[in-house]
Each structure stands twice: as C-alpha cells, then as structure tokens.
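Subject: Structure for you to look at

Hello,

Here is the structure I said I would pass on. Please open it next to this email and follow the notes below.

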Amino acid sequence: MRVTFDFRSRITVTLPGTYVGSVCGLCGNFDGKVKGEMMLRNGTVTDDPVKFGESWQVARTPGCSHVCQGRCPKCDIVAVRRYGSKEFCGKIRSPQGPFRECLSRINPTQYFDDCMYDSCLYKGHHTVLCESLAAYAAVCQDMGVHIAPWRNRTFCREY
C-alpha cells in the first residue's frame with residue numbers, strides 16, 4: 001500500500017491488485033465498478049458525499065460538524081454569477097472548457113458545488129479556485145481522460 005499527500009488537498013491511496021474486492025470504506029471497495037464506490041458502512045449506496053463520510057466516521061470530535069454552523073458563507077447574486085462563470089468555477093462544467101472530455105465520465109456537479117462553496121467562503125481567492133480546478137483535473141486524469149491545458153503563466157500557475 002502507498003499513501004501520498006500533496007500537502008494541499010489531495011490524498012492518494014494505491015493498493016496492489018491482490019486487494020481487489022477486499023476493501024471498503026472512504027477509498028471505495030476497489031472492485032473496478034464506479035457504482036459501488038460510495039457504499040455506506042451498512043452496505044447501501046449513496047450519492048451524497050456528506051452522508052458517505054458520516055457513515056465511515058469512527059469517532060465524534062467535539063466542536064466539529066458536517067454542516068455549516070453559525071456564520072455560514074452566503075454569496076450574493078453578483079458573486080454567484082461571477083464564481084459560476086467560465087472564468088471561475090464554471091470552467092469545471094463548461095462544454096467548451098478544458099474539462100469537456102471529462103464531463104461525460106466524471107460528474108462535475110459536486111466539484112462545481114465545492115468550488116462555488118469555497119469561492120464564496122474565501123471571497124474568490126485565486127488559490128482556492130485553482131485547488132478546485134486541480135481536484136477535478138486530477139480525478140479526470142486518473143480515469144485516463146485527456147484534459148486540455150487550463151493553467152498558464154497568468155492563471156493557476158503551478159505553485
């Protein structure tokens with residue numbers, strides 16, 4: 001088993017083929033079928049990532065919550081339009097964008113929603129946007145999908 005972390009936001013767990021179909025949990029069941037990757041601890045499948053994470057939680061941490069509590073970020077309509085545009089999070093689901101070949105393979109909705117949430121929370125901070133785009137790019141590339149160039153000297157340079 002190999003575990004890697006990019007010291008920003010991505011953790012990768014690599015198992016040898018001898019583990020196919022022998023594992024379960026947050027990393028999926030490693031059976032080669034996407035359908036069962038979000039299987040809850042009780043054996044049912046969900047498409048809700050919060051419910052999925054909660055089902056595999058081993059202990060409660062005081063003060064931690066799976067949902068926003070207190071002063072939650074709210075985007076006004078101007079910010080929603082800006083962050084949802086093709087210049088920001090909208091790149092993720094744009095049919096003409098750099099991820100166009102991935103849209104039919106990896107559902108972009110959760111990645112777009114996460115990008116919008118984080119962009120609202122951090123008021124459009126450039127690094128947050130780049131992290132969100134990089135997360136979708138990585139999962140697409142992991143599935144062997146070609147991603148058109150989306151980084152350049154002035155936008156999301158490698159840091």
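Phenylalanine 30 is partly exposed, because its relative accessible area of 30% falls between the 20% limit for buried and the 50% limit for exposed. This residue sits in the loop that runs between S2 and helix H1 (49–55). Phenylalanine 30 also has a positive phi, about 55°, although it is not a glycine. Please keep in mind that this is a predicted model.

Lysine 123 can be read in the same order. Its loop is the one between H3 and H4. Lysine 123 is not a glycine, and yet its phi is positive, at about 55°. Is lysine 123 buried or exposed? It is exposed, because its relative accessible area is 66% and the cut-off is over 50%.

Now the chain as a whole. The protein chain contains four helices and two strands. Read from the N terminus, the order of the elements is β-β-α-α-α-α. Along the principal axes, the C-alpha atoms fill a box of roughly 45 × 40 × 30 Å. The chain has 159 residues, and buried residues make up 30% of them. About 11100 Å² of the protein chain is exposed, with carbon and sulfur atoms supplying 55% of that area. Of the contacts with a separation of 6 or more, 41% are between residues 24 or more positions apart.

Next, the strands. S1 covers residues 2–5 and S2 covers residues 11–14; they pair in the antiparallel sense, over four bridges. Which residue in S2 stands opposite threonine 4? It is threonine 12. The hairpin made by S1 and S2 has five residues between the strands, and phenylalanine 7 takes a positive phi there, near 65°.

The same part of the chain carries a nonpolar patch on the surface, formed by Met1, Val3, Phe5, Phe7, Ile11 and Val13. Together these residues have about 700 Å² of accessible area. S1 and S2 are the elements that give two or more residues to the patch. Methionine 1 belongs to the segment before S1. Methionine 1 counts as exposed because its relative accessible area, 71%, is over 50%.

Then the interior. The largest nonpolar core has 24 residues. Those with the most contacts inside it are Phe99, Cys102, Leu129, Leu133, Tyr136, Cys140 and Trp150. Helix H2 (77–84), helix H3 (109–121) and helix H4 (126–142) each supply at least two residues of this core. Which helix gives the most to the core? H4 does, with seven residues.

Leucine 133 is a useful residue to select on screen. Leaving out residues up to four places away in sequence, leucine 133 touches Phe88, Lys91, Ile92, Phe99, Trp150, Phe155 and Cys156.

The last residue on my list is serine 119, which is found in helix H3. Serine 119 is buried, because its relative accessibility is 1% and the cut-off is under 20%. What is serine 119 in contact with, leaving aside its neighbours within four places in sequence? The residues are Tyr83, Cys89, Gly124 and Val128.

Regards

Technical notes:
Residues numbered from 1 in each chain as written. Predicted model: local features only at pLDDT ≥ 70, side-chain atom pairs only at ≥ 80, totals over all residues. Heavy atoms only, no water. Pairing = 2+ DSSP bridges. Core = buried A, V, L, I, M, F, W, Y, C linked by side-chain atoms within 4.5 Å. Buried < 20%, exposed > 50% of the residue type's maximum accessible area, 1.4 Å probe, protein only. Contact = heavy atoms within 4.5 Å. Patch = residues over 30% accessible without salt bridge, like charges linked within 9 Å, V, L, I, M, F, W, Y side chains within 5 Å. Areas by Shrake-Rupley, 256 points an atom, 1.4 Å probe, with all protein chains shown as cover. Salt bridge = Lys/Arg side-chain N within 4 Å of Asp/Glu carboxyl O.
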